[in-house]
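Welcome, and thanks for taking a look at this one. Please keep the viewer open while you read.

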Amino acid sequence: MNLKTNTIITLENKHKYVLLNETEYKEKKYFLAMEVTENKEVIPSNIAIFEKAVAENETYVEKINDPKLIEILTEQF
Amino acid sequence: MTNDLLVKIDTLIEMSKSTSNYDTLKAEKTEIEEAIENKKKEIEDLKTSMQDEKYMKASDRIVDENIKVSLELKIKKLEADYRKLDRELKKKIQEESDQHKTVKNNQDKVVRLTKLIGTLHDKMSSISDKTVMSHYETSLVKDEEKLEQAKQNVSESEEEYRRISRELTSLTERLEILKEEIEGEKEKLESTLENLSTNEAYIDKERKAEDERRLEELEQKLKDYETRKQEIEQDPVMIGNIAKELYLKDCFSKCFQKLKELVEYIKTLPYMDITSTSEVEKVLKAAESKAVAERDEFASIVESKKYNGSDTKIVEERQKYLNAKKKELEKDLDSTKNRLKKMDTTKFQELNSLLGIATSVQESLKKDLEEYRRVIEQERENSTPKKVTTLLAALQKKEEELTIVQEIIVAYENEIEELMMESKDLETEKVSMLEQKIAKTEEDIREISKKVVVSSKANDILALESDKAKLKELNDAIKAITDRRKFKKTPSEVLDEIEMSLGSFMEEEKINEPVEPMIEDDFRIVEEIDLPESEQIENTEQEILEETIEIPEIKEPNTELEMPEVVPVLPTIEPLPIVDSEENQEIEQMEIEENVPANERFKVVEIENLEEMELPKEQAPVEDFKDEDFIDFDAIIGGDNK
């Protein structure tokens, strides 16, 4: 599965995020995402930065919690 | 290696069979920790506030102060009254004594005068001289007047004495009452003073008890929260995931300790404490065949079991009895009917036939007798007496025969009548009685059949549930074996492999631990080398270098390890990049900082285009995001960590 902006991704924990923007840093792809409800209404308070990861033909996203990295990435976004 | 190790940890988590969710547990733990803090704070606040001052009823104390003053005043007044009355009493006692003397004097006077008058009368009886007598008479009149006066005085003084006595009694009583009143008031004052000397009496006991109850509740709640927190912390999913996080933060020894804890738990589960893989299949096979046999046997018992109520057997026995009874009654009825039929047909016909024969014989005999009589009448004139006698003897014999036949006819007629009566009785009494009995039995059978239906519906729920539970237990035992089969290795073996992988890292951690100075006893340095400062530093560096050289080689993890059949859903993680440039070094250092929270991974299960989505107008569409657009950094950090 190819992640790109303007798409809604559904995670295994059933949470949905709209991918708002993307950037690359140290050869890794990061996405700025905002959570959406089942009815596809955005939840502005739930913003996250995801790192894309692929393993065994499966696509994963890793939620970035490191404040320093978030700072760097927000600048890039 | 990272991937392998994380998969192994996941295997251990799976072995624990915990159905908990790490995110949920973490969220719950955070909530509980917050709640514990709040409760601790509440308890502390409550304990601090639970001082006597809080429960002091100040108004009550003021009231008591006022009561004390008023009582003191009242007692003073009562005591003054008492003293006044006491003085009055003493005065009255003196008055009474004086009056008593007066009465006594008056009484003495009356006695004296009476005696004198008596003497005068004696004297006068012996006087003959009229003058003298006149003198005595005059004296007597005067004395009698005096006596009268004295008697009146006695009466008046006695009356006065009684009045004084009454007043004295009244005064004594009043004094007594006053004394009691003073004592009562003094007791009240004493009690009030006692209350005022301590605060105990002014404490709001209800409020205090309410606070004590609240404190008890809070402490119980805190205990419950702490218990739950402990449960969460001991949850295998929690332990396993913490181990993963520790591993990702390079805290290898701590990670391994956590995994040891997890394995200890797993070993308490059925079939998990088998020491070697070679034994596993043997043990499982034996256990499985036993468990399956037990389950199947029990299942077949359960299948054939009716779970009827305990009364069903009794009801069935009654049903059986009633059916037998009905059968017997029907048999009896049939037999009675047969007998009746026989009576109505065969026996009746037989008797009628016999009666017919007897009747015809009777008729024949009657004819014979008429003939005999006619012949005898004819022969009586012509024949010899001997012949007539013979004829008469023959006639008599015929008459006897006729009598016998007639008796037989009567007997037959009676028997026919008896038969008819018997038949009637049999029909009206026995047959109808039997029919009624049969009808009643049929009714009873119908009723009892209903009861059987009801009883069979009201199954023995307890027995059913108990059997279900037992069956589930047996199934669970089989499931435990099946679950165990999923894992080719024992938990201890998985842990050994992890230990092997982490061994070198843990060793390194140990080496990098700060070395404690060699200090013997308290603060006494065993050896002190007197060297120049520069040399000391050099030597220290040299020692460190030597120690660094001794680091054992990092062993590569065994990539050929046999993984369990069921692979956890969690994705693999790329190994950490090798730091070789200055630029990378900066990022690397940032990543391994202890305070950096571990990232959470989620599998993407679906991707859909945004076309269908309707964004609210006030929210910026993706296309409109520009570089200068503000991104709320705090919102990302503090966003919902799901």
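What follows is a short tour of selected strands, a helix and a few residues, grouped by topic.

Please bear in mind that this is a predicted model. We begin with the strands of chain A, move to a glutamate of chain B that touches them, and end with a helix of chain B and one of its neighbours.

**Strand pairing in chain A**

- E1(A) and E2(A) run antiparallel to each other and are joined by three bridges.
- Within that pair, Thr10(A) sits opposite Lys16(A) of E2(A).
- The next pair, E2(A) with E3(A), is also antiparallel, here with nine bridges.
- One of its bridges links Glu24(A) to Lys29(A) in E3(A).
- How enclosed is E2(A) by the rest of the structure? It is largely enclosed, because eight of its ten residues are buried.

**Positive phi in chain A**

- As background for your backbone checks, most residues other than glycine have a negative phi.
- Asn6(A) departs from this with a phi near 65°; it belongs to the segment before strand E1 (7-11) of chain A.
- Asn6(A) has a relative accessible area of 23%, so it counts as partly exposed.
- The hairpin of E1(A) and E2(A) has four residues between its strands, and there Lys14(A) adopts a positive phi near 75°.
- In the hairpin of E2(A) and E3(A), with two residues between the strands, Lys26(A) has a positive phi near 50°.
- Lys26(A) is in the loop that separates strand E2 (16-25) from strand E3 (28-36), and its relative accessibility of 32% makes it partly exposed.

**Glu608(B), where chain B touches chain A**

- You will find Glu608(B) in strand E3 (residues 600-609) of chain B.
- Is Glu608(B) buried or exposed? Its relative accessible area is 17%, and because buried means under 20%, Glu608(B) counts as buried.
- The side chain of Glu608(B) makes polar contacts with two lysine side chains of chain A: Lys16(A) at 3.5 Å and Lys40(A) at 3.0 Å.
- Beyond its neighbours within four places in sequence, Glu608(B) is in contact with Thr7(A), Ile8(A), Thr10(A), Lys16(A) and Lys40(A).
- Two of these contacts bring us back to the strand pairing above, as Thr10(A) and Lys16(A) stand opposite each other.

**Helix H2 of chain B**

- Helix H2 of chain B covers residues 22-49, which is 28 residues.
- From first C-alpha to last it reaches 40 Å, close to the 40 Å expected at 1.5 Å a residue.
- At the N-terminal end, Asn21(B) acts as a cap: one of its side-chain oxygens lies 2.9 Å from the backbone nitrogen of Asp23(B).
- The buried residues of H2(B) include Leu25(B), Lys29(B), Ile32(B), Ile36(B) and Ile43(B).
- An α-helix has 3.6 residues a turn, so residues three or four places apart point the same way.
- What do the buried residues of H2(B) pack against? Their partners are helix H3 (52-55), H6 and helix H7 (236-248) of chain B.

**Glu226(B) in helix H6**

- Glu226(B) is part of helix H6 (residues 205-234) of chain B.
- Glu226(B) is partly exposed, because its relative accessible area is 34%.
- Away from its neighbours within four places in sequence, Glu226(B) is in contact with Ile36(B) and Lys40(B).
- Glu226(B) and Lys29(B) are 197 residues apart in sequence, yet their C-alpha atoms are 10.0 Å apart in space.

Note on methods:
Residues are numbered from 1 along each chain as its sequence is written. Chains are lettered from A and ligands numbered from 1 in the order in which they are written. This is a predicted model: local features need pLDDT of at least 70, side-chain atom pairs count only at pLDDT 80 or more; totals for chains, interfaces and linings use all residues. Side-chain values use heavy atoms; hydrogens and water are left out. Buried means under 20% relative accessible area, exposed over 50%, partly exposed in between (1.4 Å probe, protein chains only). A polar contact is a pair of N or O atoms within 3.5 Å; within protein, one must be able to donate a hydrogen and the other to accept it, and residues adjacent in sequence count only if both atoms are side-chain atoms. Contact means heavy atoms within 4.5 Å. Two strands pair if DSSP finds at least two bridges between them. The expected span of a helix is 1.5 Å times one less than its number of residues.
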